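Thanks for coming. I will go through one chain today, a few places at a time, and you can follow along on the screen.

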Amino acid sequence: MAAANPAKTLQDEMTCPLCLEYFNDPVFLDCDHSYCRACITQCWGGLTADVSCPQCRRTFPQGNLRPNRQLRSIVDAARALRLLAGKEPAAERLCEKHQEPLKLFCREDEIPICVVCDRSKGHRAHTVIPAEEAAEEFQERLQAHLKTLRIKRQKLLGLKVNREKTSQKYLKRTQAERQKIVAKFQQLRQFLEEQERLLLAQLQKLDEMIVEAGTDTVTKLSEQISRLSERIRELEGTCQKPANEFLQEIRGTLTRCEKGQAQQPDEMAPQLEERVHGFSQKVTALSETLREFKDTLPDALEGPLSLYRPANVTLDSDMAHPQLVLSEDGKRVRLGNTRQPRPDIRERFDSVSCVLGREGFTSGRHYWEVEVGVGQYWALGVARQSVIRKGGISLSPKEGIWAVGWWWDQFRALTDPATPLPLSPPRRIRVCLDCDWGLVTFIDAAAKAPIFTFPPGSLPGERIQPWIWVGWGTNTELRLSS
C-alpha cells in the first residue's frame, strides 16, 4: 500500500531523530538506526561502555559508528533540490476576488490582500504593509520561537544524558551490593556446612560414649542385683531354720552380711558430663558467631546508613488536626483536651489526629529521628502528599501511609493487615527514607538495630512527607530530634 504522504515519509527518513533536522555526517549503529555523528556522540555524553540506541535501547560498545554514505548522498541531493526549488520563481498567488497579486498584508485581519482590497471599504481603516515586510517580521518571530525550542530541546537532551548516567551509576551500585550479598551468603553457607559436619560428628562420638557408658553401668548394676538377690534368698532360707540351728549359724551369717554390703554403683563417667557441657558451649559460641556475621551483612535493601542525609524536619500547623498541640518550633506534638479554633482548610486533617511535616522529599536518601517517650498511643513514619485529610482514613499503605506504631500494648508495623513486631518500642526511632528505591526503614536509634522495612517499590513516585499520629494516652508526646 502506498504511503499516505510520500513527501512527508521521505523527509522523515532524511531527518535525524535527535536534532529533527536533515542528517549531518550521518552514521548508523549496529541496530541499523542512523543519527548525526555529533548528535549521537553528545547523547552518549562521554560514556566509554554500555551505551544504547536512543530508539530501540539495544546496548553495545561505544565507538562502533559506521558512516552511512548512501544516506549522506540522499540528504545532499535533497538539499540541492530544495536549494534549486528556492531559486525558481514561485507562481504568484492572486486574490480570489479581484485576480490581483497579493502584495500587501493586513495587520488587523492577518491575511494577505491585493491593492484593490486595500482601497475597499473592508480594509480602508486597517493598517496595511507590504507582504515582504510582513514576511520578514513573522520570520523574525518564528526564528525567535525556533531558537527557544532548540534551547529547550538541548536542555532536555542534557537532562536525558544525566538521567541515563545516574541510572547507570545506581545499577553499578546495586550490582556491587548484589555481589557482596552473594559472596557473603556463600561464605555463610560454607561456614554453616562445615560447622554442621563438625558438630554432627562430635554428637555422634558423644552418642557412642553415652551408649558405652550406659551399657557398662547397666551391666554392673545387673551383676550387683543378681548377687543381692542370691544373698536375699540365702538369708530368707536361714531365717526359716529351727532356732537351735539358726542360732548356731548366726555369727557366720552376720559376718557374711556385713562383708557383703552392696556398694553404690559408680556414677556415669564425669568426663561425659564435661563433654556434654562443652558441646553446649560450642553451640552457644556458634550462635554468637552467626549474630556477629549478621551484623556484618551489607544493608542491600536499606542502603548503607552513611548514604542517608539528616533532614531538619518540622511539623506543619496548617495540616495538624485541631486537637493536636504543636510547639512553636514545630518539633513537639501532643493531643490536647479540646479542639483548637483553627481554620478548616483543605490541607488539614479533620477526623484522625495526624500531622505532616513541612518538608517533602521526591529524591535522595534522608533520615530524621523521633523521641516517643513513654506514650502508649502513637504512630510515626511517612505519607504521600496526596494522603486523604478529611473523614476517616485507614492507617495503612493503601491510604498512602507507611509507619510503625504502639497501642493496646502492641508494637506493630502498619501494614495491611498490621504486622506485630516481636519487641518493645525503643524510646527513639530513626526514620530512613529512600526516595530513589521507594522504601522506608525504621531503626532503633540507640541500638542501631533495624525494626522494620517496607520493601523497595512500596512508596509511589510522588512527594513524600513525614507523618505522625497521636492518640489518647498518658504523657503521649512525640518530639523530633533537632
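**Walking through the model**

Let me start with V51, whose place is in strand 3, residues 51–52. Before going further, note that this is a predicted model. V51 counts as buried because its relative accessibility is 1%. If you want a long-range distance to check, take V51 and Q168: their C-alpha atoms are separated by 9.9 Å, while along the chain the two are 117 residues apart.

Next, the sheet that involves strands 1, 2 and 5. Three strands form an open sheet here, in the order 2-1-5, and the pairing is antiparallel. At the edges are strand 2, residues 34–36, and strand 5, residues 66–67, each of which pairs on one side only. Strand 1 covers residues 26–28 and pairs with strand 2 in the antiparallel sense over three bridges. To get the register, look at F28: its bridge partner in strand 2 is S34. Helix 2 packs on this sheet and touches strand 1, strand 2 and strand 5. The direction of helix 2 makes about 90 degrees with that of strand 2.

Staying with helix 2, residues 37–44: which of its residues are buried? They are C39, I40, C43 and W44. These four sit on the same side of helix 2, because the arc they cover around the axis is only 125 degrees. As a reminder, an α-helix has 3.6 residues a turn, so residues three or four places apart point the same way. Just after helix 2 comes G45, with a positive phi of about 60 degrees.

Now the second open sheet. It has three strands in the order 7-6-8, again with antiparallel pairing. Its edge strands are strand 7, residues 111–113, and strand 8, residues 128–130, and each pairs on one side only. On average, neighbouring strands in this sheet are turned by 40 degrees against each other, direction ignored. Strand 6, residues 104–106, pairs with strand 8 in the antiparallel sense over three bridges. Within that pairing, C106 stands opposite V128 of strand 8.

On to the aromatics. How many aromatic pairs are there? The count comes to seven, with ring centres within 6.5 Å as the criterion. I will show two of them. For F105 and F138, the ring centres are 5.5 Å apart and the planes are at 75 degrees, so this pair is edge-to-face. F105 lies in strand 6 and F138 in helix 5, residues 131–239, so the pair ties together parts that are 33 residues apart in sequence. As for burial, F105 is buried, with a relative accessible area of 12%. F138, at 31% relative accessibility, counts as partly exposed.

The other pair is F442 and F454. Their ring centres are 6.3 Å apart and the planes are at 70 degrees, so this one is edge-to-face too. The limit for that label is a plane angle over 60 degrees. F442 lies in strand 19 and F454 in strand 20, so the parts tied together are twelve residues apart in sequence. Both F442 and F454 are buried. Ring pairs also bring in F452, which gives a cluster of F442, F452 and F454.

That leads to the strands that carry this pair. Strand 19, residues 439–444, and strand 20, residues 449–454, pair in the antiparallel sense over five bridges. For the register, T441 has T453 as its bridge partner in strand 20. The two strands form a hairpin, with four residues between them. In the turn, K448 has a positive phi of about 55 degrees.

Last stop, E369, which is found in strand 13, residues 365–371. Is E369 buried or exposed? E369 counts as buried, because its relative accessibility is 12% and the cut-off is under 20%. Its side chain makes a polar contact of 2.8 Å with the side chain of R430. Leaving out residues up to four places away in sequence, E369 touches R428, I429, R430, A445, R479, L480 and S481.

To recap the two sheets: one runs 2-1-5, and the other runs 7-6-8. For the side chains, keep the E369 and R430 contact at 2.8 Å in mind, along with the cluster of F442, F452 and F454. That is what I have; I will take questions now.

Definitions and conventions
Residues are numbered from 1 along each chain as its sequence is written. This is a predicted model: local features need pLDDT of at least 70, side-chain atom pairs count only at pLDDT 80 or more; totals for chains, interfaces and linings use all residues. Side-chain values use heavy atoms; hydrogens and water are left out. Two strands pair if DSSP finds at least two bridges between them. Buried means under 20% relative accessible area, exposed over 50%, partly exposed in between (1.4 Å probe, protein chains only). The arc is that of the directions from the helix axis to the C-beta atoms. A polar contact is a pair of N or O atoms within 3.5 Å; within protein, one must be able to donate a hydrogen and the other to accept it, and residues adjacent in sequence count only if both atoms are side-chain atoms. Contact means heavy atoms within 4.5 Å. Axes are lines fitted to C-alpha atoms, for helices over the stretch in contact, and angles run from 0 to 180 degrees between N-to-C directions. Rings of Phe, Tyr and Trp (its six-membered ring) pair if their centres lie within 6.5 Å; planes under 30 degrees apart count as stacked, over 60 as edge-to-face and the rest as tilted.
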